[in-house]
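Biologist: Please take a close look at one part of this model, the packing of its helices. I should like the geometry, and then the residues that make each contact.

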Amino acid sequence: MRLADLTARMAGKIDRPLVLVGMMGVGKSTIGRKLAHTLGLPFSDADDAIIEAAQMPIAEIFDQFGEDYFRDGERRVIARLLDGGPCVIATGGGAYINVETAALIDEKGITVWLDSDIDTLVERVGRNTKRPLLRGGNVREIVTRMKAEREPAYARAQIKVMSDAGPHNATVNRILEALEACL
Ligand code: S3P
């Protein structure tokens, strides 16, 4: 089927937010934006919405108030985004690990786990230093440990798609195919 036909048919069937979950560096924001554009849906980045609500960068929220405070704000921001009707939401890597936030996402959204191998994640997160949980340690070790710890939570998502080193458009197409099969 032509991509335009596939997306038009699917956009009509999506009655809830599509929520992208998965490790930092996997490409949730870039892919989420492209997916939203393809489907003609609004896009929200939960991290950006937190930064806007708090009026400070994420690293500063962690430094000044701690991770629990950040997770609390993250849950409230995601709850608000989930109430906004059909859209695509990119979440921060820890959102779906928080039990309360995950329960909200499961209740109101269609969950898509984006996964990559460790090499791809390390390569992608290596490009910026804004992530507080990657400071002061060996990035490959931290990412490897975190991925192993978090995988059981991510695996509860309804759809799993690999986001490997190839072009993001290929990942968007894989998400569309997986959605078509589950909607
Ligand atoms: C975090 C991931 C980050 C951001 C915060 C915490 C995590 O988002 O929410 O630094 O716990 O994995 P990205 O996944 O967009 O990097």
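Modeller: Two helix pairs follow in turn, each with its geometry and its contact.

The model is predicted: local features need pLDDT of at least 70 and side-chain atom pairs pLDDT 80 or more, while totals for chains, interfaces and linings use all residues. Residues are numbered from 1 along each chain as its sequence is written, and side-chain values use heavy atoms, without hydrogens or water.

Helix α3 (residues 46-54) packs against helix α5 (residues 67-82) at about 110°, the axes lying 9 Å apart (helices are DSSP runs of H or I, at least four residues, numbered from the N terminus; axes are fitted to C-alpha atoms over the stretch in contact, with angles from 0 to 180 degrees between N-to-C directions). α3 and α5 are therefore roughly perpendicular (65 to 115 degrees; under 35 is roughly parallel, over 145 roughly antiparallel, the rest oblique). Their crossing is right-handed (the near helix is turned clockwise from the far one by less than a right angle). From α3, Ala46, Asp47, Ala49, Ile50 and Ala53 contact Phe70, Glu74, Val77, Ile78, Arg80 and Leu81 of α5 (heavy atoms within 4.5 Å). Of these residues, 8 are nonpolar, none is polar and 3 are charged (Asp, Glu, Lys and Arg count as charged).

In the second pair, the axes of α7 (residues 118-125) and α8 (residues 139-154) come within 10 Å and cross at roughly 125°, so α7 and α8 are oblique to each other. The crossing of α7 and α8 is right-handed. Here Ile118, Asp119, Leu121, Val122 and Val125 of α7 meet Val139, Arg140, Val143, Thr144 and Lys147 of α8. The contact of α7 with α8 comprises 6 nonpolar, 1 polar and 3 charged residues.

Notes
Helix = DSSP H or I, 4+ residues; strand = E, 2+ residues; numbered from the N terminus.
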